[in-house]
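Here is a report on the side-chain contacts and backbone details of one protein model. Please look at the structure first, then read on.

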Amino acid sequence: MKIETQCLHAGYTPKNTEPRVVPIVQSTTYVYDSTDDVAAVFDDPTKSLIYSRFENPTVMAVEDKIAALEGGIGAMCTSSGQAASLLSLLNILQTGDSFISAATIYGGTVNLFAYTLKKLGIECIFVDADASEDEINAAFKPNTKAVFGETLANPALSVFDIEKFANIAHAHGVPLIIDNTFPTPFLCRPFEFGADIVIHSTTKYMDGHAVQGGGVIVDSGKFDWTNGNFPEFTEPDESYHGTIYSKTYGKAAYIIKARMQLMRDFGCYPSAQSAFYLNLGLETLPIRMERHTQNAMTVAQFLEANDKVESVNYPGLKSNEYHELAQKYLPNGCAGVISFVIKGGKNTAVKFMDSLKLASNEVHVADIRTCVLHPASATHRQLTDEQLAAAGINGGLIRLSVGLENIDDILDDLKQAFANI
């Protein structure tokens, strides 16, 4: 089934008829015929619904749709993209473990990995995503349990070599987790290049209209959790009636464990209303991504030719160092986010941004409306100078999220802002 068709039609289907839209099941509770039925569901949650803290029919319909879009075996929505990042790792890591991550990732995720997880006794080993295989292999420790990267880094816009890292991770018997937020499955499907788990901040392009926050974890169903490195999948779970996930749920062991253990305990599940809005965004995803990509390419070319711009990071440009990787992983376009360095440093960047009229200065990205952000003083403000440099960020860097407005209006706004500096 083509992605366009999946976006429009996949999802919740009642027994007798297919509704035009996914219905909102606005309920926290489900009724059973008997006490034995309730007990059976607690023995095996896949038999029916238990409670809205970790499952709801509306949300599950959207989970099925996203799993189909990514080509996965199952998905679990979360209340935010950050929650998806956290649970994707906690599902396989515990105190005393480590994992490897590309340094060029979203600043909030760097903080989560470098500080919060450290407090839990989990070490993040940051590596240069462009390092050689030998250098990356050298970063592994005996307790390393996963590798993490972003398809398109936020805001450095570097392209992650999924296949290279998948091969390295698998050689060490650990999974590769990919944040595919910016490309969405319309532009890139990481499972096709060897990734094992995919996450998204659905707040971004999947929703597309800045109306609700959310995240999702998608399981490829392809990683072998019985390879000896993950006893939590092959030994009885004392917290859930001695369930052995790999034995009971087979290929779906990872995503079932995430729901039965982590969502049960953390409860960071989205509401039915949020899932309804997310589904509306998914239904227009292909059309929006095409327009975002077209507008961004035009803007990137405009910025590249501007003598007030020091450099432009957009892999769609032939001059970009990641253009070849983009052709491999993102042949249909590189989404709508551009980062560029304006000459004159931070003060000039701030003056430029404050001069924009159509584009909004906001802490958001991947919206239908054009918006800008100064990462060094906003999303990445908590990072040290060394971490900022590793993430490819300096004072003159501006993140520009190109929207769906008329391209002439977007360019006119940029021109008048440049005129003010």
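The side chains of Lys 328 and Glu 163 meet in a salt bridge, 2.5 Å from N to O. Here a salt bridge is a side-chain nitrogen of Lys or Arg within 4 Å of a carboxyl oxygen of Asp or Glu. Lys 328 belongs to helix H14 (residues 323–329) and Glu 163 to helix H7 (residues 162–171), so the pair ties together parts that are 165 residues apart in sequence. Helices (H or I, at least four residues) and strands (E, at least two) are DSSP runs, numbered from the N terminus.

The model is predicted: local features need pLDDT of at least 70, side-chain atom pairs count only at pLDDT 80 or more, and totals for chains, interfaces and linings use all residues. Residues are numbered from 1 along each chain as its sequence is written, and side-chain values use heavy atoms, with hydrogens and water left out.

**Salt bridges**

Side chains of opposite charge can pair when their charged atoms come close. The structure holds seven salt bridges. Three of them are listed here, including the one above.

| Salt bridge | Closest N to O |
|---|---|
| Lys 328 – Glu 163 | 2.5 Å |
| Arg 259 – Glu 63 | 3.0 Å |
| Arg 264 – Asp 265 | 2.9 Å |

The Arg 259 and Glu 63 pair links distant parts of the chain. Arg 259 is in helix H11 (residues 253–266), Glu 63 is in helix H3 (residues 57–70), and 196 residues separate them.

How buried or exposed are these partners? Buried means under 20% relative accessible area, exposed over 50%, and partly exposed in between (1.4 Å probe, protein chains only). Arg 259 and Glu 63 are both buried. Lys 328 is partly exposed at 37%, and Glu 163 is partly exposed at 35%. The third pair is mixed: Arg 264 is buried at 15%, whereas Asp 265 is exposed at 54%.

**Aromatic pairs**

The structure holds 16 aromatic pairs. Rings of Phe, Tyr and Trp (its six-membered ring) pair if their centres lie within 6.5 Å; planes under 30 degrees apart count as stacked, over 60 as edge-to-face and the rest as tilted. The rings of Trp 225 and Tyr 254 are stacked, because their centres are 5.3 Å apart and their planes meet at 15°. Trp 225 lies in the loop between strand E7 (215–219) and helix H9 (231–234), and Tyr 254 lies in helix H11, so this pair ties together parts 29 residues apart in sequence. Trp 225 is buried at 4% relative accessibility. Tyr 254 is buried at 0%.

Tyr 254 also stacks with Phe 233, at 6.5 Å centre to centre and 15° between the planes. Phe 233 is in helix H9 and Tyr 254 in helix H11, so the contact ties together parts 21 residues apart in sequence. Phe 233 is buried, at 0%. Phe 223, Trp 225, Phe 230, Phe 233 and Tyr 254 form one aromatic cluster.

A charge joins the picture at Phe 233: the charged end of Lys 257 sits over its ring, 5.3 Å from the centre. A charge sits over a ring if NZ of Lys or CZ of Arg is within 6 Å of the ring centre and within 35 degrees of the ring normal.

**Helix H13**

Helix H13 (residues 285–304) has 20 residues and should span 28 Å at 1.5 Å a residue; its end C-alpha atoms are 28 Å apart, which agrees. The expected span is 1.5 Å times one less than the number of residues. Among the buried residues of H13 are Leu 285, Met 289, His 292, Val 299 and Phe 302.

**Backbone details**

The peptide bond from Asn 154 to Pro 155 is cis, with omega near 10°. Pro 155 is in the loop between strand E4 (144–150) and H7.

Which residue of helix H8 has a positive phi? Thr 184 does, at about 60°, although it is not a glycine. Thr 184 is in helix H8 and is buried, at 0% relative accessible area. Ala 210 also has a positive phi of about 60° and is not a glycine. Ala 210 is in the loop between strand E6 (197–201) and E7. Ala 210 is partly exposed, at 43%.

Thr 181 lies in the loop between strand E5 (176–179) and helix H8 (184–187). Thr 181 is buried, at 10%. The C-alpha atoms of Thr 181 and Ile 199 are separated by 7.2 Å, with the two residues 18 apart along the chain.
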